[in-house]
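Biologist: Could you take me on a close look at the enclosed spaces inside this protein? I am new to this, so please go one step at a time.

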Amino acid sequence: MDSLCLPSFFSGRNCKFYGHSNFCVLRNSPAPVGSRAFFPQRLNSKSFQKQIYFNHRCVRFSPFSCSATLSVIPEVEEKQVFDGETANLLVKELRKNFNSGRTKSYEWRISQLESIAKMLEEKEEDIIEALQKDLAKPAFEAFISEVSQAKSACSEAIQELKHWMKPEKVNTSITTYPSSAEIVSEPLGVVLVISTWNFPFLLSMDPVIGAVSAGNAVVLKPSEISPATSSLLASLLKDYLDNSAIRVVEGAVPETTALLEQKWDKILYTGSARVGRIVMSAAAKHLTPVILELGGKCPAVVDSNINLQVAARRIIAGKWACNAGQACISVDYIITKKEFAPTLINALKDELERCFGKNPIESKDMSRIVSPSQFARLVKLLEEDQVADKIVLGGQKDESKLKIAPTILLDVPDDSTVMQEEIFGPIMPILTVENWEDSFDIIRSKPKPLAAYLFTNDEQLKKDYVQNISSGGMLINDTILHVATRGLPFGGVEESGMGSYHGKFSFDGFSHKKSVLYRSFDADSTIRYPPYTPQKERLLKALISGNIFQIILSLIAWSK
């Protein structure tokens with residue numbers, strides 16, 4: 001007896017199948033068998049295969065008969081291929097709309113920002129649900145780290161937009177008198193935002209808010225590794241925003257490649273340094289400026305003269321409670337003095353148990369690893385020969401849940417993979433040193449990080465850390481909160497990125513600062529025009545120097 005899964009086919013009708021191994025016969029009850037409603041159709045017919053889909057119900061065929069309830073479905077359209085030609089047409093369409101001037105007005109910008117604010121309010125639950133699907137991100141963490149941050153960015157843009165758009169007055173010199181000058185912020189044009197998977201909503205919407213507030217047309221490419229959020233973004237931006245100027249392109253490497261082949265007026269990319277190099281290389285072909293938000297190994301130096309319980313909690317908040325360490329600004333490793341390490345480890349152990357319980361893999365308050373490939377990468381870090389025996393806390397893992405317990409390693413070798421690569425997971429190496437200068441040397445031996453942290457009450461150590469450690473951002477006695485502080489730029493340096501955004505810095509990042517000088521036709525001095533004479537040269541040098549006495553003498557000589 002042959003078996004076959006049958007599709008839903010005839011909607012709202014009580015239909016029956018009759019079949020054998022080569023033919024499928026359908027009858028629309030109650031028409032009698034043998035009537036014209038009774039017809040055969042070959043199962044392997046291409047026309048038949050194009051019209052059906054399987055809805056997880058199975059019907060078993062025999063040489064005799066069988067029956068099933070069927071329903072009519074619309075024919076599924078083939079997904080359009082997004083290639084270089086399609087990308088080129090998209091950019092041309094957006095550039096045409098941008099050149100019409102529609103995105104440059106205050107009215108258009110504020111209307112789009114208000115629509116984003118409305119979207120964030122109305123679709124908050126949908127956003128949190130998508131983040132739960134992609135990363136098992138706790139609702140509280142999803143709201144705090146993504147939804148509320150996007151709301152804050154949008155609110156600031158709405159409040160400050162008129163001020164940001166207002167030309168900045170600049171003083172002029174005597175050489176251009178009479179005159180006035182200003183700096184005008186004008187939109188760059190058509191910009192591309194390529195976001196990442198670890199904070200897939202915030203790191204998509206925050207740059208889009210900046211690009212829109214600056215008056216640009218925008219294409220957003222969300223990460224395919226967080227598919228639920230990517231799909232939601234495509235749907236929401238289509239429903240809430242002006243699609244003649246703001247688009248979402250979903251997909252993976254082929255779609256991103258097609259987009260990078262086009263000429264953009266700016267690209268903002270968030271992700272790894274490896275892909276950052278690819279993005280920068282593609283942008284260089286068109287001399288397109290870029291903002292690269294990358295990452296690196298973010299250190300935390302921990303002194304002993306601190307409130308240890310508070311410090312431990314804040315480290316946890318910046319590591320394991322921050323998307324399970326899957327964040328470019330999360331603490332990557334700790335440096336402390338050798339004699340203080342056991343005390344610090346015990347404090348972290350106690351606070352981790354308070355936060356996630358005795359079995360943290362079962363905790364609903366810590367995100368999972370984003371994918372099986374990332375899980376395998378992290379497991380490989382722990383199983384490396386020179387690392388496996390350095391685990392002093394945690395190490396448990398559950399591949400079926402894609403979860404790894406908070407894990408602490410003590411004094412792993414510097415040449416181990418876990419100390420050479422950004423960890424991006426719930427693994428925390430602790431390195432011990434004899435003095436703080438050694439900790440500075442360790443940090444400086446690695447590429448400059450996106451963030452650096454210090455826990456101490458020693459004012460001199462604070463000054464030394466700020467002065468001697470170069471990083472994208474820095475926070476003393478806490479972790480990660482600097483990125484949520486209004487007025488501070490967020491960006492990297494060298495390997496951790498280039499350029500910055502957040503708030504006014506987002507507006508500036510997507511704007512061209514155009515210098516404008518205004519002059520009248522009055523007081524036109526002949527000093528700048530040929531023929532050039534010694535008197536003109538003396539007066540010009542006096543004017544440039546700003547020496548009033550010399551200017552007076554030159555004018556007296558000029559008048560003779």
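Modeller: Happy to! The second largest cavity has a volume of about 40 Å³, and please keep in mind that the model is predicted. Its lining is made by Gly 296, Cys 298, Lys 319, Gly 325, Ala 327, Ser 330, Val 331, Asp 332, Glu 422, Ile 423 and Phe 424. Sorted by class, the residues around the second largest cavity are five nonpolar, three polar and three charged. Among the lining residues you can find Lys 319, Asp 332 and Glu 422, and these count as charged because Lys, Asp and Glu belong to that class.

Now let's step back to the whole structure, where a search finds two cavities of 30 Å³ or more. The largest cavity has a volume of about 50 Å³. Around the largest cavity sit Ala 153, Ala 157, Trp 164, Asp 206, Ile 209, Gly 210, Ser 213, Gly 503, Ser 506 and Phe 507. Three elements each give two or more residues to this lining: helix 5 (139–165), helix 6 (202–213) and helix 17 (504–509). Helix 6 provides the largest share, with four residues. By class, the lining of the largest cavity holds five nonpolar, four polar and one charged residues. The charged one is Asp 206, because Asp counts as charged.

How can such spaces be found at all? Rolling a probe the size of a water molecule over the atoms shows where empty space is left.

Conventions
Residues numbered from 1 in each chain as written. Predicted model: local features only at pLDDT ≥ 70, side-chain atom pairs only at ≥ 80, totals over all residues. Heavy atoms only, no water. 1 Å grid on protein atoms, 1.4 Å probe; cavity = no way out; pocket = protein on both sides within 12 Å on 5 of 7 lines; lining within 4 Å. Points joined across faces, edges and corners; volume = space filled by probe spheres on them.
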